[in-house]
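Got the viewer open? Here is a short tour: select, look around, move on.

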Amino acid sequence: MSESNFTPGPDTVRAYRDALGCFGTGVTVVTTLTPRGPLAITANSFTSVSMDPPLLLWCPAKNSLRHNAFIDADHFTIHIMGENQLDLAKHFACNGEDFEPVSWQPNAVGTPTLPDCIARFDCRHFAHHPGGDHSILIGEVLSATTRPGKGLIFKQGLYGGFLEQN
């Protein structure tokens, strides 16, 4: 296959998405507590921002029905999904209010926490900024929890894990 060059725009959205898909990302599920109850969303736009203070960011789509609830939340929790949690990640990608498939527990401020994730970051809303068709939501990490395991990865439209190293 030959190299392709294009300018991102309305006519090249698929090519742009495919190019971005060349970068493998971890899969997260972000949760918060709303007046209607627990809410979750699956996201792969997640990164560390700062060590001091400890800040993380993730980017909810503005066209998501869950966008405003997360932007308005005082607290949220980011869960880094293990490679065995694909079904749960897919579930929360489609339905953020249905917590039936998981035995969740509230953290100290009431935000839903999910079991068996390889890392969890309990955050306080620090700031949010416009980011095109997404918002950039920055959280200050109040608490972090980890456990052994391999992360769930998303790359080129596929989910998977890391290969074993010898």
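A pocket, as the word is used here, is an open set of points on a 1 Å grid where a 1.4 Å probe fits, with protein on both sides within 12 Å along at least five of seven lines. Its volume is the space filled by probe spheres set on those points. Keep in mind that what you're looking at is a predicted model.

**Stop 1: the annotated stretch.** Select residues 20-161. The unreviewed UniProt entry annotates them as "domain: Flavin reductase like". Switch to cartoon view: 11% of this stretch is helix and 47% is strand. Its end C-alpha atoms are 18 Å apart.

**Stop 2: the seven-stranded sheet.** Now pick out the open sheet of 7 strands, which run in the order 3-2-6-9-10-5-4 with antiparallel pairing. Which strands stand at the edges? They are strand 3 (37-43) and strand 4 (46-50); each has a single partner strand, so one side of each is left without a neighbour in the sheet. Turn the view and follow the twist, which averages 35° from one strand to the next.

Zoom in on strand 6 (residues 75-80) and strand 9 (residues 119-131), an antiparallel pair with 6 bridges. For a landmark, show His-79, which stands opposite Arg-120 in strand 9. Then add helix 3 (residues 86-94), which packs on the sheet and touches strand 2 (28-34) and strand 3. The direction of helix 3 makes about 110° with that of strand 3.

**Stop 3: the three-stranded sheet.** Next, select another open sheet, made of 3 strands in the order 1-11-12, again with antiparallel pairing. Strand 1 (25-26) and strand 12 (158-160) are at its edges with a single partner strand each, so one side of each has no neighbour in the sheet. Strand 1 and strand 11 run antiparallel, joined by 2 bridges. Show Thr-25 and you'll find Phe-154 of strand 11 opposite.

**Stop 4: the largest pocket.** Keep Phe-154 on screen and add Arg-17, Asn-44, Ser-45 and His-134: of the 37 lining residues of the largest pocket, these five lie nearest its centre. The pocket has a volume of about 1,200 Å³. Where does the largest share of the lining come from? Helix 1 supplies it, with 6 residues. To see more of the wall, colour helix 1 (13-20), strand 3, strand 5 (55-58), strand 10 (134-146) and strand 11 (153-155), each of which gives at least two residues to the lining. By class, the lining has 18 nonpolar, 13 polar and 6 charged residues.

**Stop 5: the second largest pocket.** This one has a volume of about 180 Å³. Select Thr-34, Arg-36, Leu-39, Ser-64, Leu-65, Arg-66, Ala-69 and Glu-97 to show its lining. Those residues divide into 3 nonpolar, 2 polar and 3 charged.

**Stop 6: two backbone details.** Finally, go to Pro-53, in the loop between strand 4 and strand 5. The peptide bond from Asp-52 to Pro-53 is cis, with omega near 5°. Then hop to Asp-116, in the loop between strand 8 (112-113) and strand 9. Asp-116 is not a glycine, yet its phi is positive, near 70°. Why stop for these? Most peptide bonds are trans, and most residues other than glycine have a negative phi.

Terms used. Residues numbered from 1 in each chain as written. Predicted model: local features only at pLDDT ≥ 70, side-chain atom pairs only at ≥ 80, totals over all residues. Heavy atoms only, no water. Pairing = 2+ DSSP bridges. Helix = DSSP H or I, 4+ residues; strand = E, 2+ residues; numbered from the N terminus. Axes fitted to C-alpha atoms, helices over the stretch in contact; angles between N-to-C directions. Contact = heavy atoms within 4.5 Å. 1 Å grid on protein atoms, 1.4 Å probe; cavity = no way out; pocket = protein on both sides within 12 Å on 5 of 7 lines; lining within 4 Å. Nonpolar A, V, L, I, M, F, W, Y, C, P; charged D, E, K, R; others polar. UniProt positions renumbered as here; feature names shortened; annotations may be inferred.
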